[in-house]
Amino acid sequence: MVKRPAILRSLRARETFWFYVFASPWILGFLLFYLGPMIASFALSLTNYSVLLPTRFMGLSNYSAMFEDNLLGISIWNTAYYAALAVPTSMAAGLGLAMVLNRGDLRGRSFLRSAFYVPAIMPLVAVSILWIWLLQPRFGLINTLLYFLSIKGPNWLGDPAWSKPGLVVMNLTGVGINMVIFLAALQGVPTHLYEAAELDGANRLRKFWHVTIPMISPAIFFVIVIGFINSFQVFTQAYIMTEGGPADSTLFYVLYLYRHAFNYFKMGYASAMAWLLFIVIVVLTYIQFRLSLRWVHYGGQ
């Protein structure tokens, strides 16, 4: 008779084997196409490499120079401000849409799901150009709608106080991705939990807070992590719509990195900036994983 621990070890070994089989394309792609450039980037961050001039080893000079770069601090603040607004709004909008589209009595659910998801897969360059017109202060659709509500619309992309909120509004174009993730999570919530909550006298708000949120917490955690990673790498919108202006209010970190690399040809300094961003994202993600132990509930836990 085979002992139970031996069976469990065999199952774990089989699961581990198939994990590496299915993960092997990504692992091979990382080793072949990403690891080399990452090592080269770190090596360049220790030099004054500028493409056109001879390269000289500088040690940690590029990293120490960051403390004296005022625009670097501005770019960090702009990026953090954008992430703090963009992640919660896109998550809330995605969850709200998912809950509406998850209702069984809603007509045209399939069409509505597609309609909200399609903008998320459109090329970001095309979306950015479209939103330049939508956010136009005098004739744009957003301010026109506000005018009919007796609200004077702001100069979205021309006012430093409204430029980042304008890009946050534009970010809602991609809310369909979060909607699909939350929709899949909501459809996995057992109905008997809602029935038990109703027997205990729970209203809609209590069912949402005590049943829905805990059961979809892994999806919420995933959206938060990916949202912050993407927000800290925002580039295309600012590059096309504002070029970092007005008054450097949309000079995001990656846009500033791009300027050093391809406008000023300071590849060494840009590589150091890239590694700083990498470290910040890794630390932030690690903190989120540690905090998730307190509120994320997985199946059977």
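Visitor: Where is Ser231 found?

Guide: Bear in mind that this is a predicted model: local features need pLDDT of at least 70, side-chain atom pairs count only at pLDDT 80 or more, and totals for chains, interfaces and linings use all residues. Residues are numbered from 1 along each chain as its sequence is written, and side-chain values use heavy atoms, with hydrogens and water left out. Helices are DSSP runs of H or I with at least four residues, strands are E runs with at least two, and numbering goes from the N terminus. Ser231 sits in the run of residues 217–231, which is helix α11.

Visitor: Is Ser231 buried or exposed?

Guide: The cut-offs are under 20% relative accessible area for buried, over 50% for exposed, and partly exposed in between (1.4 Å probe, protein chains only). Ser231 has 7% relative accessibility, so it counts as buried.

Visitor: Which residues does Ser231 touch, leaving out those up to four places away in sequence?

Guide: Touching here means contact, that is, heavy atoms within 4.5 Å. With the sequence neighbours set aside, the partners of Ser231 are Thr79, Tyr82, Ala83, Ala86 and Val87.

Visitor: Which backbone oxygen does the side chain of Ser231 reach?

Guide: This is a polar contact: a pair of N or O atoms within 3.5 Å, where within protein one must be able to donate a hydrogen and the other to accept it, and residues adjacent in sequence count only if both atoms are side-chain atoms. The Ser231 pair comes in at 2.8 Å, and the oxygen belongs to Gly227.

Visitor: How many residues does the largest nonpolar core have?

Guide: A nonpolar core is a set of buried Ala, Val, Leu, Ile, Met, Phe, Trp, Tyr and Cys residues joined through side-chain atoms within 4.5 Å. In the largest one, Trp131 and Met273 have the most contacts inside the core. Its residue count is 38.

Visitor: Which helix gives the largest share of this core?

Guide: Helices that each supply at least two residues include α3 (70–101), α5 (124–134) and α14 (267–295). The largest share is eight residues, and they come from α14.

Visitor: What does Trp131 touch, not counting residues up to four places away in sequence?

Guide: Trp131 is one of the two residues with the most contacts inside the largest core. Its partners beyond the sequence neighbours are Ile142, Val169, Met170, Thr173 and Met241.

Visitor: How many residues are in the other core, the one apart from it?

Guide: Leu97, Met179, Ile216 and Ile220 are among the members of this other core. The count is 19.

Visitor: What is the area of the nonpolar surface patch that holds Val283?

Guide: Patches take residues with over 30% relative accessible area and no salt bridge, joining like charges within 9 Å and nonpolar side chains (Val, Leu, Ile, Met, Phe, Trp, Tyr) within 5 Å. Val283, in helix α14, is partly exposed at 43% relative accessibility. Phe278, Ile279, Val282, Tyr286, Ile287, Leu291 and Trp295 join it in the patch. Accessible areas come from the Shrake-Rupley method with a 1.4 Å probe, counting only the protein chains shown as cover for residues, and this patch makes about 720 Å².

Visitor: Which two side chains meet in a salt bridge?

Guide: The rule asks for a side-chain nitrogen of Lys or Arg within 4 Å of a carboxyl oxygen of Asp or Glu, and the count comes to one. One partner is partly exposed, as Glu198 has a relative accessible area of 48%, whereas Lys207 is buried at 15%. At 2.9 Å, N to O, the pair is Glu198 and Lys207.

Visitor: Which peptide bond is cis, with omega near -5°?

Guide: Most peptide bonds are trans. This cis one leads into Pro246, a residue of the loop between α12 and α13. The bond runs from Gly245 to Pro246.

Visitor: What is phi of Ser150 near?

Guide: Most residues other than glycine have a negative phi. Ser150 lies in the loop between α6 and α7 and is exposed, with a relative accessible area of 72%. Its phi is positive, near 65°.

Visitor: How many helices does the chain have?

Guide: Of the 301 residues, 35% count as buried, and the C-alpha trace spans about 70 × 70 × 30 Å along its principal axes. There are zero strands, and the helix count is 14.
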